[in-house]
Amino acid sequence: MVSILGVGLGVAALLVVQTVMNGFGEEHRLRIRESFGDCVVIAKSPIEGPDVLIARLKADPEVISASAYTEGPALARRGAFSGVAFVRGTDPLATDQPVRQYVVAGSFDGLDDGRVILGIGLARTLRVAVGDKIEVWSPVMAEQAEKGKAPLPASLEVCAIVRTGFTEVDDRAAIIPLRRFRELWSLGERAHGVTLRLKDPANAVATAARLNVGKAGLNFIPWQEIKKNFLEAIRFEKTMLFFLMFIITLVASFSIGSTLFSAVIRRTREVGVLVALGAQRWHLVGLFGVQGLLIGALGTALGFLLTWGILYFREGILDLINSLFGNGDMVANVYQFSKVPLHYDAMDFVVAAAFTLIVTTVAGLVPALWAAGRKPSEAMRDA
Amino acid sequence: MPKVVLQATGLKKSFASPNGPLAVLRAVDLVVHAGESISIRGSSGSGKTTLLQLLGGLETPEGGEVFINQVEQGLVTPRKLLGHGVGFVFQNYQLMPELTALENVVLAAKIIGRSQVEGKARELLQLVGLGDRLRHLPSQLSGGECQRVAIARALINEPAVILADEPTGNLDETTGKEVMKLLLEVVAQRQTALVLVTHSREFAEKASRRLVLAGGVLSSA
């Protein structure tokens, strides 16, 4: 029973960590796609007449939507507080604006030529809230000042504040309408790039490569490439955690080995009698090996059940941990996730079950082979 | 002349001791015929149990050979035929504590691959006077009853020879006599050979041939 519980806990630890890590990975991948698009089209210089390109891209069956964007650094200031803003010009009327769901104050729909949406970090730096006004100085204004002109900064009212969970976005983002950006940056009708939403984001690498064909000077970057290092880090983290959990399960299997070994020792006399009655070596190996397999199977089933239970009640468990250690809601504060994310991967369950069954069967076979190798006369005498 | 069911020639066995190897059996020869009962007496440590274990294949001799008669296969070494050609009756019964009397008898048959033996097991338990104790665990039986179960278990596979190691050693005098009487009766009735190791002169006298093990050699009593 203790062995089954040990295996169950090992399997549950392995699967809970894997499933939550998968969840975090999936959530981060989604954030990357929502923040940067499924695919970004950029060029060495601003794209002339992006509407023609957008129309062509929209005609592709894999493309759901395409919209031009502009971006560039600017100085943002309010009174004595200032900061570097990474301003993004976007179409406020575009239907798919994922940033809408990250609005924590104000309203996205309030965005117009006189308004701006700020990342929460930048808003804190400037000490502003919704309704406050900030001044924005673009590099073009600095150039004008160099030529002796006296440009006035753009005065924009904060209409919304967003929190995406990406520090580099939240600490610097300032979103204004595309038209206003072009005006402040003197871009004319040009755009810095085009973001695409694809039907099958998982296949973005292939789609981007296909779309790029015949479009010299343009570079189609799928979302997997945009934050490649970050995604690699998540994958590496998952692999390392799997390795650690693997050791936990291995430790549990050693406990099975020792339990079965003591069971064999305890039953030394019976083992001797069985041999005296004609039991073959494989009988004993089968008997104790099957016991190991059974412990593994029941432990795996228990592990699956525990995994489901822990994940089902994960919010309550997390609340308990937070209340015990006083860390506040880490998931919300650090990761900006409303709840602990999950992503069930069938392969994780298959691997965990196969691994556990193999290890527990082997752990059962070792004492079985020892028992089978003993002389029955010794076994009966030692008992 | 009845056929030979067990044949041992030049059996040797020694055990390690602080003063070097201690020879327990020097050159034991023994021939057992079908239906014959042989008693082997000897002082403690003379090697009676060791001899029995060598005969039954539970120990490996350092020298010599043991063969058990099997009609179809000729003489075959006992290790290969544990459970088939040899039936054991141990001093302390050696029953499986979690199994009932019936299950203990059935197990001995099932372990060598025989099936449909429950009826026969019931019959044998009936024969040893335990027809009403089939579902009792060893812990619910007296010592004499446990030994009766052990005798039924030894008979279930119709062995050529039963090797009994002090079968009455753990029993009181009256029960011991009853068990011994039963054992001799059933082997005689079934024409099964019996090799009986015992301290008791009285029980030894009941065998058709009486031997003494002394100095590592068997001789007639």
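Begin the tour by selecting A:Tyr344, which is partly exposed because its relative accessible area of 45% falls between the limits of 20% for buried and 50% for exposed. The model on display is a predicted one. With A:Tyr344 still selected, trace the chain on either side: this residue sits in the loop that links α13 (330–333) to α14 (346–373) of chain A.

Next, extend the selection to the nonpolar surface patch to which A:Tyr344 belongs. The patch covers about 1100 Å², and its other members are A:Trp308, A:Ile310, A:Tyr312, A:Phe313, A:Ile317, A:Leu320, A:Ile321, A:Leu324 and A:Phe325. Colour two helices of chain A, α11 (281–312) and α12 (314–325), since each of them supplies at least two residues of this patch. Of the contributing elements, α12(A) provides the largest share, with five residues.

Now turn to the largest pocket, whose volume is about 700 Å³. To find its centre, select A:Ser35, A:Phe36, A:Glu71, A:Arg88 and A:Val169, which lie nearest to that point among the 33 lining residues. Then display the elements of chain A that each give two or more residues to the lining: the helices α1 (2–36) and α5 (167–170), together with the strands β1 (39–47), β2 (63–78), β3 (81–90), β8 (173–177) and β9 (191–198). Strand β2(A) deserves its own colour, as the largest share of the lining, five residues, comes from it.

As a last step, colour the pocket lining by residue class: 18 residues are nonpolar, eight are polar and seven are charged.

Note on methods: Residues are numbered from 1 along each chain as its sequence is written. Chains are lettered from A and ligands numbered from 1 in the order in which they are written. This is a predicted model: local features need pLDDT of at least 70, side-chain atom pairs count only at pLDDT 80 or more; totals for chains, interfaces and linings use all residues. Side-chain values use heavy atoms; hydrogens and water are left out. Patches are made of residues with over 30% relative accessible area and no salt bridge: like charges are joined within 9 Å, nonpolar side chains (Val, Leu, Ile, Met, Phe, Trp, Tyr) within 5 Å. Accessible areas come from the Shrake-Rupley method with a 1.4 Å probe; for residues, only the protein chains shown count as cover. A salt bridge is a side-chain nitrogen of Lys or Arg within 4 Å of a carboxyl oxygen of Asp or Glu. Helices (H or I, at least four residues) and strands (E, at least two) are DSSP runs, numbered from the N terminus. Buried means under 20% relative accessible area, exposed over 50%, partly exposed in between (1.4 Å probe, protein chains only). On a 1 Å grid over the protein atoms alone, a cavity is a set of points where a 1.4 Å probe fits but cannot get out, and a pocket is an open set with protein on both sides within 12 Å along at least five of seven lines; lining residues have an atom within 4 Å of a point. Grid points are joined across faces, edges and corners, and a volume is the space filled by probe spheres set on the points. Ala, Val, Leu, Ile, Met, Phe, Trp, Tyr, Cys and Pro count as nonpolar, Asp, Glu, Lys and Arg as charged, and the others, Gly among them, as polar.
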